[in-house]
Amino acid sequence: MKLLEINNIKKTFDDLEVLKDISISVSEGEVVSILGPSGSGKSTLLRCATLLETMDAGTLKYGGETVCEDVDGKSVYVSKSKIKKIKNYFGLVFQNFNLFPHYTVIKNICDAPIHIQKRDKKEVEAEAMSLLEQMGISDKVDYYPCQLSGGQQQRVAIARALAMNPKILFFDEPTSALDPELTSEILKVLRYLASKKMTMVIVTHEIDFARNVSDRVIFMDDGYIVEQGKPEDVIDNPENDRVRAFLNKLK
């Protein structure tokens, strides 16, 4: 089943065309990594997919449900009530954690499921404790974000996203704000989620991770998808000169 379908999307900020006719689909259980240089449109693509930005043109669907359709070359979105429902399909983990500084770890995780999804408080708290155990930080339940390392904060952010029971999780460079030791902690969590068949779209510069964990790799440059396919093809034997040059710099 296709959980995410993006077709022919375009996005411009002022006079800068950031996304130029991008199409992506992601199936249930698939892990897709998006690579590419800074300024290639990767984060904007994620922001459009997660409704933090509106697309100028193109269509977007989650689980077959239309979020926006293209009418005469312009994206037309469904009603706010439908969008609110569709937002339950996905979660987003930011590179800078975006935790509420005045909330404890447990409150950061439980707040949205209780108040937005209107779920039972005891059930949500039990689920949150289980997630914190999976993340290896169940002893930090009453800590505040400022008392945690960057790696611990990112694990709380991942647990918070998972607490909403999304069908697909997006990660926008989840390790870019971390040092190498903490980066390995987060990559371990992502590998664990991949082993559990969590559907994920990950914008990353971690080439070895993308090679080992992804079902598919997409390489973006200058607002286009210039190459996509199996990791061993795109990363180890790229056809595109731009992809080859970029990856050679990282070796």
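1. In this predicted model, six strands form an open sheet in the order 7-8-9-3-10-11, and the pairing is mixed. The edges are held by strand 7 (90–93) and strand 11 (224–229). Each of these has a single partner strand, so one side of each has no neighbour in the sheet. With direction ignored, neighbouring strands in this sheet are turned by 15 degrees against each other on average.

2. At the strand 7 edge, the partner is strand 8 (residues 168–172): strand 7 and strand 8 pair in the parallel sense over four bridges. Within this pair, L92 stands opposite F170 in strand 8.

3. Two helices can be placed against the six-stranded sheet. Helix 5 (residues 150–162) lies across strand 7 and strand 8, and runs at about 170 degrees to strand 7. Helix 6 (residues 180–195) lies across strand 3 (31–35), strand 8 and strand 9 (199–203), at about 150 degrees to strand 9. Strand 8 is thus among the strands listed for helix 5 and also among those listed for helix 6.

4. One residue of helix 5 deserves a separate look: R155. Is R155 buried or exposed? Its relative accessible area is 12%. Buried means under 20%, so R155 counts as buried. Which residues does R155 touch, once neighbours within four places in sequence are left aside? The contacts of R155 are M135, G136, I137, E185, I186 and V189. Of these contacts, E185, I186 and V189 have numbers within the range of helix 6, residues 180–195.

5. A further open sheet has five strands in the order 2-1-4-5-6, with antiparallel pairing. Its edge strands are strand 2 (16–27) and strand 6 (74–77), and each pairs on one side only. From one strand to the next, the twist averages 20 degrees.

6. In the five-stranded sheet, strand 1 (residues 2–13) and strand 2 are paired in the antiparallel sense over nine bridges. In this pairing T12 stands opposite E17 in strand 2. Helix 1 (residues 42–49) packs on the sheet, where it touches strand 1, strand 2 and strand 4 (57–62). The direction of helix 1 makes about 120 degrees with that of strand 1.

7. To recap the two sheets: the order 7-8-9-3-10-11 goes with mixed pairing, whereas the order 2-1-4-5-6 goes with antiparallel pairing. Helix 1 packs on the five-stranded sheet, while helix 5 lies across strand 7 and strand 8.

Definitions and conventions:
Residues numbered from 1 in each chain as written. Predicted model: local features only at pLDDT ≥ 70, side-chain atom pairs only at ≥ 80, totals over all residues. Heavy atoms only, no water. Pairing = 2+ DSSP bridges. Axes fitted to C-alpha atoms, helices over the stretch in contact; angles between N-to-C directions. Contact = heavy atoms within 4.5 Å. Buried < 20%, exposed > 50% of the residue type's maximum accessible area, 1.4 Å probe, protein only.
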